[in-house]
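Visitor: I am new to this structure. Please take me through it in a few questions.

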Amino acid sequence: MVMPGASVNWDDLKSNCGEDEDLMRELIHIFLSESPQMLEDIRRSWKEKDAAALKRTAHRLKGSLVSLAANPAAQCASVLEQMGYEVKLEGADQVMAELESKMSELSAELRRMTQSHS
């Protein structure tokens, strides 16, 4: 079930969880509780122009996003991770803004999904 503009590929997420709906809900719950801090860590790394920390924090968030099949946000985190790896932070402000937007959409979609299935 891939909807245009969807923040999550629900079919892939179900597959990642072995079709286990309880595991899927648990993964979403953990993500919703931990992602604000991960995003704040990325924001801080970016503002401090700390490329090594940006690479590390973006990589951590990307891993969580990939496990959720949240591909649009994962792509943004991947770009920031690469920028940190290459120590080239020019343009990171645009990517950071896009990541924050995608994360906001993702969180809203995950909350809607969990509320409708509780």
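Visitor: How are α3 and α4 set relative to each other: roughly parallel or roughly antiparallel?

Guide: This is a predicted model. In it, the axes of α3 and α4 cross at roughly 155° and come within 7 Å. An angle over 145 degrees counts as roughly antiparallel, so α3 and α4 are roughly antiparallel.

Visitor: Which hand does the crossing of α3 and α4 have?

Guide: The residues of α3 that meet α4 include Ala51, Leu54, Ala58 and Leu65. On the side of α4, Ala73, Ala77, Leu80 and Tyr85 are among the residues met. Where α3 passes α4, the crossing is left-handed.

Visitor: How many nonpolar residues does the contact of α3 with α4 have?

Guide: Lys55 and Lys62 of α3 take part in this contact, as does Glu81 of α4. By class, the contact has 3 charged residues and 3 polar ones. The number of nonpolar residues is 10.

Visitor: Is Glu81 buried or exposed?

Guide: Glu81 sits in helix α4. Leaving out residues up to four places away in sequence, Glu81 touches Lys55, Ala58, His59 and Lys62. Its relative accessible area is 15%, and the cut-off for buried is under 20%. Therefore Glu81 is buried.

Visitor: Which element gives the largest share of the largest nonpolar core?

Guide: That core has 33 residues, and Leu13, Leu65, Leu80, Leu99, Met103 and Leu110 touch the most other members. Two or more residues come from each of α1 (10-16), α2 (21-47), α3 (51-67), α4 (71-86) and α5 (92-116). The largest share is 8 residues, and the element that gives it is α5.

Visitor: What tends to happen to nonpolar side chains in soluble globular proteins?

Guide: The core here can be set beside a general tendency. In soluble globular proteins, nonpolar side chains tend to be buried together.

Visitor: Which residues does Met103 touch, not counting those up to four places away in sequence?

Guide: Met103 is one of the core residues that touch the most other members. With residues up to four places away in sequence left out, Met103 touches Phe31, Ser35, Leu39, Leu61, Leu65 and Ala73.

Visitor: And where is Ala6, and is Ala6 buried or exposed?

Guide: Ala6 lies in the segment before α1. Not counting residues up to four places away in sequence, Ala6 touches Pro72 and Glu109. Its relative accessibility is 16%, which is under the 20% cut-off, so Ala6 counts as buried.

Visitor: What separates the C-alpha atoms of Ala6 and Pro36?

Guide: Along the chain, Ala6 and Pro36 are 30 residues apart. The separation of their C-alpha atoms is 20 Å.

Definitions and conventions: Residues numbered from 1 in each chain as written. Predicted model: local features only at pLDDT ≥ 70, side-chain atom pairs only at ≥ 80, totals over all residues. Heavy atoms only, no water. Core = buried A, V, L, I, M, F, W, Y, C linked by side-chain atoms within 4.5 Å. Buried < 20%, exposed > 50% of the residue type's maximum accessible area, 1.4 Å probe, protein only. Helix = DSSP H or I, 4+ residues; strand = E, 2+ residues; numbered from the N terminus. Contact = heavy atoms within 4.5 Å. Axes fitted to C-alpha atoms, helices over the stretch in contact; angles between N-to-C directions. Parallel < 35°, antiparallel > 145°, perpendicular 65-115°, else oblique. Left-handed = near helix turned anticlockwise from the far one by under 90°. Nonpolar A, V, L, I, M, F, W, Y, C, P; charged D, E, K, R; others polar.
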